[in-house]
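Q: I would like to take a close look at one part of this model, starting from a single side chain and working outwards. Could you walk me through it?
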Amino acid sequence: MDQHKIEVTKVDVYPFKEGINMGRTKAIANIVLNDQIQVRGIRVMDGECGLFVGYPTDPFYKGDGFRNIVFPITSELRHHIEKSVLEKYDEATKEAK
């Protein structure tokens with residue numbers, strides 16, 4: 001692994017059971033980056049264009065809307081994280097059926 005490239009090295013996804021109303025949130029996920037840092041509280045969300053990944057937000061933010069406390073800056077890393085999380089979500093929901 002290139003030490004300057006960020007890779008998702010572990011993904012744990014916890015889908016909500018059918019019938020539990022969590023709005024658009026379908027699952028919670030935790031990821032590990034480069035076997036060195038963990039990000040908890042990533043959400044698998046159901047949007048108008050399908051599933052997407054939502055990043056943890058600051059619960060103390062007092063402005064309009066919300067503010068993410070962690071998120072990828074590059075589109076390459078955003079795509080890599082989303083692909084890793086959504087693939088694991090698909091696996092987890094297929095196993096549950």
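What is the relative accessibility of D58, and does D58 count as buried or exposed?

A: Happy to. D58 has a relative accessibility of 19% and counts as buried; the classes are buried for under 20% relative accessible area, exposed for over 50% and partly exposed in between, with a 1.4 Å probe and protein chains only. A word on the ground rules: this is a predicted model, where local features need pLDDT of at least 70 and side-chain atom pairs count only at pLDDT 80 or more, while totals for chains, interfaces and linings use all residues. Residues are numbered from 1 along each chain as its sequence is written, and side-chain values use heavy atoms, with hydrogens and water left out.

The partner of D58 is R67: the two form a salt bridge, with 2.8 Å between the closest N and O atoms. Here a salt bridge is a side-chain nitrogen of Lys or Arg within 4 Å of a carboxyl oxygen of Asp or Glu. Side chains of opposite charge can pair when their charged atoms come close. While D58 is buried, R67 is partly exposed, at a relative accessible area of 41%.

R67 also turns up around T57. T57 sits in the loop between strand 4 (50-54) and helix 1; helices (H or I, at least four residues) and strands (E, at least two) are DSSP runs numbered from the N terminus. Setting aside residues up to four places away in sequence, T57 touches R43, F66, R67, N68 and I69, where contact means heavy atoms within 4.5 Å. With 30% relative accessibility, T57 counts as partly exposed. From T57 to D46 the C-alpha separation is 17 Å, across 11 residues in sequence.

R43, one of the contacts of T57, leads on to T25. T25 belongs to strand 2 and is buried, with a relative accessible area of 14%. Beyond its neighbours within four places in sequence, T25 is in contact with F16, R43, V44 and M45.

How does this part fit into the whole? The chain has four strands and one helix, arranged along the sequence as β-β-β-β-α. Its C-alpha trace spans about 45 × 40 × 25 Å along the principal axes, and 30% of the 97 residues count as buried. Of the contacts with a separation of 6 or more, 34% are between residues 24 or more positions apart.

The largest nonpolar core holds 17 residues, of which V13, I31, I42, I81 and V85 touch the most other members. Strand 1 (8-15), strand 2 (25-33), strand 3 (37-47) and helix 1 (75-96) are the elements that give two or more residues to this core, and helix 1 provides the largest share, five residues. By nonpolar core I mean a set of buried Ala, Val, Leu, Ile, Met, Phe, Trp, Tyr and Cys residues joined through side-chain atoms within 4.5 Å. I31 gives a good view of it: apart from neighbours within four places in sequence, I31 is in contact with V8, K10, V11, I37, Q38, V39, I42, I81 and V85.

K10, among the contacts of I31, brings us back to charge pairs. Its side chain meets that of D12 in a salt bridge, 3.7 Å from N to O. K10 is partly exposed at 45%, and D12 is partly exposed at 25%. On helix 1, K83 and E87 are separated by about one helical turn, because they are four residues apart, and their side chains meet in a salt bridge at 3.5 Å, N to O. K83 counts as partly exposed at 46% relative accessibility, as does E87 at 41% relative accessible area. The whole structure contains four salt bridges.

One last stop for backbone geometry is the loop between strand 2 and strand 3, which holds N34 and D35. N34 has a positive phi, near 50 degrees, without being a glycine, and the phi of D35 is about 55 degrees, again in a residue that is not a glycine. N34 is buried, with a relative accessible area of 13%, whereas D35 is exposed, at 59%.
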